[in-house]
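Welcome! Please take a look at the sequence and the 3D structure below before reading on.

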Amino acid sequence: KILVTSNDSRIRLYDLRDLSLSMKYKGYVNSSSQIKASFSHDFSYLVSGSEDKYVYIWSTYHDLSKFTSVRRDRNDFWEGIKAHNAVVTSAIFAPNPSLMLSLDMQSEKAEGNEKGEDAEVLDTMPSGIMKTDNTEVLLSADFTGAIKVFINKRKNVS
């Protein structure tokens, strides 16, 4: 597969085996900037910045039976995050969210110990890296140079 962004506010996913269009993603605004889209570390999401100051996220899982359009290669289902006060020129998922989360958890643990609170026990693998099955880390930057980090910690429901 190859991912192509263009200035018509569309992101296209092509299959290189037969050069066919697999999916067209809509929702973000890109008419004059060089904004590229990218995948999450597990390829389950697609993310892109936008000229309207938002970060847009699409799921790459496509249950085509739920698409009501005759054109089943168009994905209008997105989530937008008002991330910046300027054009979002770059947005990526962290390639290894466990590294960022282990640093974040270590700082939270240190802050908890300073306050005399019991720190949360981290769920780690034998290698010492945290399990991040339910967590995504998103980084974005805007035209002014501001950089933001978003961490989505989904709670396990049992």
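Where is leucine 16 found? Leucine 16 sits in the loop between strand S2 (10-15) and strand S3 (20-26), strands being DSSP runs of E with at least two residues, numbered from the N terminus. This is a predicted model, in which local features need pLDDT of at least 70, side-chain atom pairs count only at pLDDT 80 or more, and totals for chains, interfaces and linings use all residues. Residues are numbered from 1 along each chain as its sequence is written, and side-chain values use heavy atoms, leaving out hydrogens and water.

Now to the aromatic residues. One aromatic cluster is formed by Tyr25, Tyr28, Tyr54, Tyr56, Trp58 and Trp78. Rings of Phe, Tyr and Trp (its six-membered ring) pair if their centres lie within 6.5 Å; planes under 30 degrees apart count as stacked, over 60 as edge-to-face and the rest as tilted. By this rule there are 7 aromatic pairs.

Here is the lining of the second largest pocket by class (Ala, Val, Leu, Ile, Met, Phe, Trp, Tyr, Cys and Pro count as nonpolar, Asp, Glu, Lys and Arg as charged, and the others, Gly among them, as polar). A pocket, on a 1 Å grid over the protein atoms alone, is an open set of points where a 1.4 Å probe fits, with protein on both sides within 12 Å along at least five of seven lines; lining residues have an atom within 4 Å of a point.

| Class in the lining | Count |
|---|---|
| Nonpolar | 8 residues |
| Polar | 1 residue |
| Charged | 3 residues |

Note on methods
Helices (H or I, at least four residues) and strands (E, at least two) are DSSP runs, numbered from the N terminus.
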